[in-house]
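Colleague: Please take a close look at the sheet and what packs around it. Give cut-offs as you go.

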Amino acid sequence: MIQLTNITKSFGRHQVLNKIDLTVQKGEVVVILGPSGSGKTTLLRCVNYLEKPNDGEILIGDYRLNCKHASKKDIYQLRQKSAMVFQQYNLFKHKTALENVMEGLVVVKKLSKEEAKTRSIALLEKVGLGSKLDAYPSQLSGGQQQRVGIARALALEPEVILFDEPTSALDPELVGEVLAVIRKIAKEGITMIVVTHEMGFARDVANHVVFMDGGVIVEEGTPVELFNNPQEERTKQFLKRITPELNYSI
Ligand SMILES: Nc1ncnc2c1ncn2[C@@H]1O[C@H](COP(=O)(O)OP(=O)(O)OP(=O)(O)O)[C@@H](O)[C@H]1O
Ligand SMILES: [Mg+2]
């Protein structure tokens with residue numbers, strides 16, 4: 001289970017996250033929606049301490065961290081529990097697909113090169129890139145690069161994978177192949193928190209949908225609850241804007 005309690009983050013005087021509480025059960029896919037600037041990326045970054053929350057507590061699996069009193073060792077331990085998939089892929093440009101996936105296994109997981117290679121090949125095959133092992137990022141399409149990013153995250157065997165708009169940098173015709181891979185690994189029971197504007201994906205794959213605005217969780221529920229029967233005005237306004245065909249009455 002993942003439990004965020006009272007997560008608060010300010011940049012200077014600008015409070016970006018205001019006492020966020022969120023629970024994600026093991027194996028659940030949670031989708032976070034919200035307008036630009038609402039704090040979605042900052043929240044994901046707080047979960048693996050790419051941003052340091054000013055206050056709050058993060059529980060991932062059996063590891064609990066109080067953000068006010070976190071030591072370097074605590075942060076290192078927490079980071080082992082999650083992996084992030086970025087909008088812009090963030091692959092090493094001078095490494096092949098295979099080397100990109102192996103990196104974490106050798107450096108973080110301390111596997112032998114041989115073992116890391118075998119596991120990385122299996123993961124790249126899983127995301128449909130068995131024929132691209134030796135390709136460099138510049139030789140791959142955006143969708144293929146993102147699938148390498150997903151294989152790299154899976155390699156770390158984290159308790160949770162954090163996806164920050166994984167398809168928003170892609171040409172429309174490449175979105176489907178990446179969503180298909182995410183769907184496939186969701187079915188395997190990997191816990192995920194996904195920031196996305198892909199409403200079809202959210203409806204089909206999410207167990208739980210969270211709507212954020214202005215640094216707070218405005219509303220959350222099952223996809224049916226949130227999409228078919230939103231309670232809050234702000235949620236209705238947002239959904240109306242991004243899925244006008246659904247005709248929310250405001
Ligand atoms: N490093 C930073 N320094 C100062 N302000 C920041 C920093 N990172 C984010 N912010 C501010 O925090 C707010 C929330 O940003 P965040 O990136 O979390 O939003 P978001 O919901 O992910 O938006 P988008 O949908 O555009 O990606 C914004 O007002 C942003 O300008
Ligand atoms: Mg963002």
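Modeller: The sheet comes next, then a helix on it, then an aromatic pair.

This is a predicted model, where local features need pLDDT of at least 70, side-chain atom pairs count only at pLDDT 80 or more, and totals for chains, interfaces and linings use all residues. Residues are numbered from 1 along each chain as its sequence is written, chains are lettered from A and ligands numbered from 1 in the order written, and side-chain values use heavy atoms, without hydrogens and water.

Six strands form an open sheet with mixed pairing, in the order β6-β7-β8-β3-β9-β10. Strands are DSSP runs of E, at least two residues, and helices are runs of H or I, at least four, both numbered from the N terminus. Two strands pair if DSSP finds at least two bridges between them. β6 (82-85) and β10 (216-221) are the edges; each has a single partner strand, so one side of each lacks a neighbour in the sheet. The twist averages 20° from one strand to the next. Axes are lines fitted to C-alpha atoms, for helices over the stretch in contact, and angles run from 0 to 180 degrees between N-to-C directions.

At the β6 edge, four bridges join β6 to β7 (residues 160-164), and the two run parallel. There M84 stands opposite L162.

Helix α6 (residues 172-187) lies across β3 (29-33), β7 and β8 (191-195), at about 150° to β8. Contact means heavy atoms within 4.5 Å.

Strand β9 (residues 208-213) carries F211, which pairs with F238 in helix α9 (residues 233-242), 27 residues apart. Ring centres must lie within 6.5 Å; planes under 30 degrees apart are stacked, over 60 edge-to-face, the rest tilted. Here the centres are 5.0 Å apart and the planes at 35°, so the pair is tilted. F211 is buried at 1% relative accessibility, and F238 is buried at 3%. Buried means under 20% relative accessible area, exposed over 50%, partly exposed in between (1.4 Å probe, protein chains only).

Note on methods:
Phe/Tyr/Trp six-rings, centres within 6.5 Å; stacked < 30°, edge-to-face > 60°.
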